[in-house]
Structure formats: C-alpha cells, structure tokens
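Got your viewer open? Let's take a walk through this model together, one selection at a time.

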Amino acid sequence: MKRILYFLFTISILMLWSSCRKDFDFGPSTGNLEFSKDTIYLDTLFTNIGSSTYNLKVYNRSDEDISIPTVRLGQGEASNYRLNVDGLPGKEFQNVELLANDSLFIFVETTADILTLAQNSLEFLYTDAIEFDSGNNQQKVELVTLIRDAVFIFPDRDNTTGVIETLSFDVNGDGTAEETTLQGRFLEDDELTFTNEKPYVIYGYAAVDEGDMLTVEAGARVHFHANSGLLVTNNASLKVNGALSADQELLENEVIFEGDRLEPLFADVPGQWGTIWLFNGSEDNDINYATIKNATIGILSEGNQNATDDKLTITNSQIYNSSNFGILARASSIAAENVVINNSGQSSFAGTVGGKYNFTHCTIANYWNSSFRQFPSVFLNNFITNENNMDEGNDLTEANFNNCIIYGNDNPEVILDEIQGISGFDFNFKFTNCLIRFQNTNNNFTGDNYDFNNSDLYENCIFNSDPDFKLPFENMLMIGDDSEANAQGNLIFGAQVPFDILNNTRTASPDLGAYQHVTFDED
C-alpha cells in the first residue's frame, strides 16, 4: 500500500511541475550570435592529406531560446571543408536550436587536392566560410588553409587483397635477397635526387638499392608518415648536402627530416616516424647541415666498423626529439663534427656492440622530460646478449670525444658498459677536454673505466659545471657568457674543426661543444 501511495505522490508532483513549466519556444536568430574566433586557420596541409580537427564555439548570449535557420559552408557541397554541428556531420544544417545563454560546438576538417584548386602552383591559400543564417541576419566565420604540393613516395597496394608492398633485400650480407615485413619500396633511378623544389612525403620506407646513391640537395624538406623512413641497403649510399642558412629560424639551406603533420601542435612531438636506417653494408654515407627531428630513432647505423672510410660522416647537424635514440650505432663507424643531439627518450648517442666512433666539438645533451629516462646521454658497450641470454663480445676499437659537452637533466650522463667475465674484447675510449655531467654520489660506478684521474681516459675534463645552455628544454643548446665550457677546448681539435655550427671561428680560443659562446639577449 505504501508503495502505491508513494508512486501516486510522485506522479502528482511530476504532473504539477509539467503543468507549471513553459515549453521551450525557439524564436529565429537575429544575427546576434557570438563566436570563439572570427577566423579558423587550419594551418598548412599537404595536398590530399586530411587535417586535424579544429573547433568553433557558438554562443547565444541572449535570454531567449533561438533557432538558427541555416548553418552552412559558403561553397556548399562543393567545399573541401567538412563540418560537424553538435554531433551531426554535413555541409549544411537547418534550424539549429540553441538555448538561452548556451553554446554549441562546430568541428571543422578539410582535405584538398591542389591540382583541382590551382595549376602549376606549389602552394594555394584555400578559403571558405561558415555562414549562419542569411540576408541581413547573416554572420560568417572565415576558414583558411594553406595547401602545399609535394612529391609522394609510397609502396604499392594490391587492389584485390589490400596487401601493401614490402621490401626484399640482402638482409644477412650473403648475397641473397630476403622478403621482410618492412612496408616500402625501392627508389627508381629518377627518384634518387631529392631537390628543394617540392617537399617529399614518404609512406613506408623509401629504400636505396644496392649500388645506388640517394642525393638530398640543400634546402630539401623530407616528411615521413608514421612508421616510415629511409633505408640505405648494402653497397648503397646517402649524401645529404645541406648548407649553412642565413636565417636560423627558416633554415632555408638545411635539409630537414621530420614528420608529415605540419600543424604547430606536432612541431616537437617525438616518435612521429621511424628512422634513417643505414643498414649493414651501406657505405660512405655523408650528412651535412641537416635537422632530424621527431623520429623514433634519428639515425640507426649498423655494421661496417672496420671500413676504410667511416660508414657515416655527419657534420653541422642537429637531431632532436627522438622517442628512443638520437643516434643508435651497432658495431658501426661514425665520425661526427659540430653535431648537436638533444631530447631523446633513451640515449642521445648509443655506441653499442663495439665499433669505432669519433666525436669532435659535439654537444650531446639530453633534457628529455616526457617520461622516465633510464639511459644516459652517452652509452657505450662492446657486447650483445643473444637469445640464450649469453653475452657475445665485439671490439670497441675506439670511442673518442674531443672538445665535447655531454650533459643533461639526469645523472650520470655517461655509462661505460664493458663486457664482464669474458676477456679478449677491446674497450677503448677517451674523453679529451670535455664537460661531462657525472656525479658518483653513492659510489655506484667503480673500476678502471671510471678512474677520472687516469689521463689516458680522461684528459683535461671538467665535471658537473654549468654549461649555461640558452634553453635546453627547447633544444636551444647555444652556450652563454657564463658557460664553464668557454675557452676550454684543445687547440689541435679546434683547428681540426675551425668553425662552429653557425660558422663562427673558434681557432684562437675554442669553446667546448658545437657552439662558440654568445651573449644572450636579456628578456
């Protein structure tokens, strides 16, 4: 009985409330809408690649419920923009209701083909507008997007099965091609020169076949889709011929390798693409004046540690925002001068499984702050652990760091991991005139490799002093007037690399690292 009485009481309350409530009465809008922005800039896009989603908030500041007769794109169904109004997709909407003192979201995307918009143009400013109502009550929010033409390189896809082409090449160095699971294709002869006329957008791995050479000219821009990169195979080479830029913001003459998302939100996001992979057997690879950013591994260099000429010579280049390693070398050979590496999820430089490495006037830093980091800026070892959990050694023939800065936001920033329990494998290294962050607070690092008084291993090195970087968390590794690296360089190595990465002379009084010090502007 009580339940029945409670039910009847509840029904009566609801009926009373509904009889007192005024039904919503939507009147037509009168052109007094307000917007979160008057123009939506969808940033720069490559032709035929979809944009990110942008939003617009529409406000009804009045005390009346209103109905917007039409919300539409100015170009109607022909527009390359797409709308989503309160959860409904389309290009035109009728009688959109908006309560008093309330708001609604409109989401905007676009995909456009530059060839349908402009002939013989590398860029086209594509515009439209979102129109609210019509006649005297019409209000508009402008839409603006820069569409950029590009050269697209991508593997074939089987139209029947949908299977994407994978690479087949000599993986083991035995002269036999093997099928891999790596999606991509080999570059054709007429694709072996990347110019600065148009950007390049690569899907999958663009591979350089045996005996071929890929040349990348000054000012070229190379963009990679997710899980994509360059692969240089046996007896093939990569030549990156960048040059010094007058404008250090535009970097007009540098070669830039980065992801294919051009929106500012993605400007410094690590791990957007794969790597520049110098496979075992590739040879005479040269990189000069390049910026490599936002990769998983900036450069992966494998094998050829005993090559007459170093497998990789890299000069005047910067590697930033690698989600794993800036440079990962495996039993390889690298000569580096005026190289800056920073912001790596693991190590900025890792010379693993032995090898031969010479770094002169380089700044190898790591101010990674996107997650916990387990590895130091510089990591060296001379072994690999096989599938049976057994260590297999290989000689670290040499690892010389001359007039370098090795620093970061962790401690220590150098780890020397020599094979234990197995003799006969070289572990040769030396730091000469270097500024290094290494504080052995708890005496965790012992043994001869960490004897900082041994001048055969550590000559004229400075430990734990401030390098006075400009803005290290923003990849600005220039050093200032107060840097402890100033005038601390060895003159012989200074003469070997007489100009810094910005072409400032250093022979008279070389500073450590890739930059000669400057006076920072006061904010």
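Before the first stop, one term: two residues are in contact when they have heavy atoms within 4.5 Å. Also keep in mind that what you have on screen is a predicted model.

**Stop 1: the whole chain.** Select everything and show it as a cartoon. You'll see 3 helices and 42 strands. Now look at contacts with a separation of 6 or more: residues 24 or more positions apart account for 65% of them. Turn the chain around and picture a box about its C-alpha atoms, roughly 95 × 60 × 60 Å along the principal axes. The radius of gyration is 30 Å, whereas a compact globule of 523 residues would come in near 24 Å.

**Stop 2: the surface.** Switch on a surface view. About 25000 Å² is exposed, and carbon and sulfur atoms supply 47% of that. As for what's tucked away, 49% of the 523 residues count as buried.

**Stop 3: the largest pocket.** Select Q248, E249, L251, D268 and K293. Of the 34 residues lining the largest pocket, these are the closest to its centre. The space there comes to about 1100 Å³. Which strands should you colour next? Try β19 (221-224), β22 (255-259), β25 (290-293), β27 (312-322) and β42 (476-479), since each supplies at least two residues of the lining. Colour the lining by class and you'll get 14 nonpolar, 10 polar and 10 charged residues.

**Stop 4: the second largest pocket.** Head over to P155, I164, Q183, Y203 and G204, the closest to the centre among the 15 residues that line this pocket. Here the space is about 250 Å³. Which strand gives the most to this lining? Select residues 178-186 to find out: that's β14, which contributes 3 residues. By class, the lining splits into 7 nonpolar, 6 polar and 2 charged residues.

**Stop 5: a closed space.** Rolling a probe the size of a water molecule over the atoms shows where empty space is left. How many cavities of 30 Å³ or more does the count give? The answer is 1, and its volume is about 30 Å³. To find the cavity, select two stretches of its lining: T44, L45, F46, I49 and G50, then D260, R261, L262 and E263. That lining has 4 nonpolar, 2 polar and 3 charged residues.

Conventions. Residues numbered from 1 in each chain as written. Predicted model: local features only at pLDDT ≥ 70, side-chain atom pairs only at ≥ 80, totals over all residues. Heavy atoms only, no water. 1 Å grid on protein atoms, 1.4 Å probe; cavity = no way out; pocket = protein on both sides within 12 Å on 5 of 7 lines; lining within 4 Å. Points joined across faces, edges and corners; volume = space filled by probe spheres on them. Helix = DSSP H or I, 4+ residues; strand = E, 2+ residues; numbered from the N terminus. Nonpolar A, V, L, I, M, F, W, Y, C, P; charged D, E, K, R; others polar. Rg over C-alpha atoms; globule rule 2.2 N^0.38 Å. Buried < 20%, exposed > 50% of the residue type's maximum accessible area, 1.4 Å probe, protein only. Areas by Shrake-Rupley, 256 points an atom, 1.4 Å probe, with all protein chains shown as cover.
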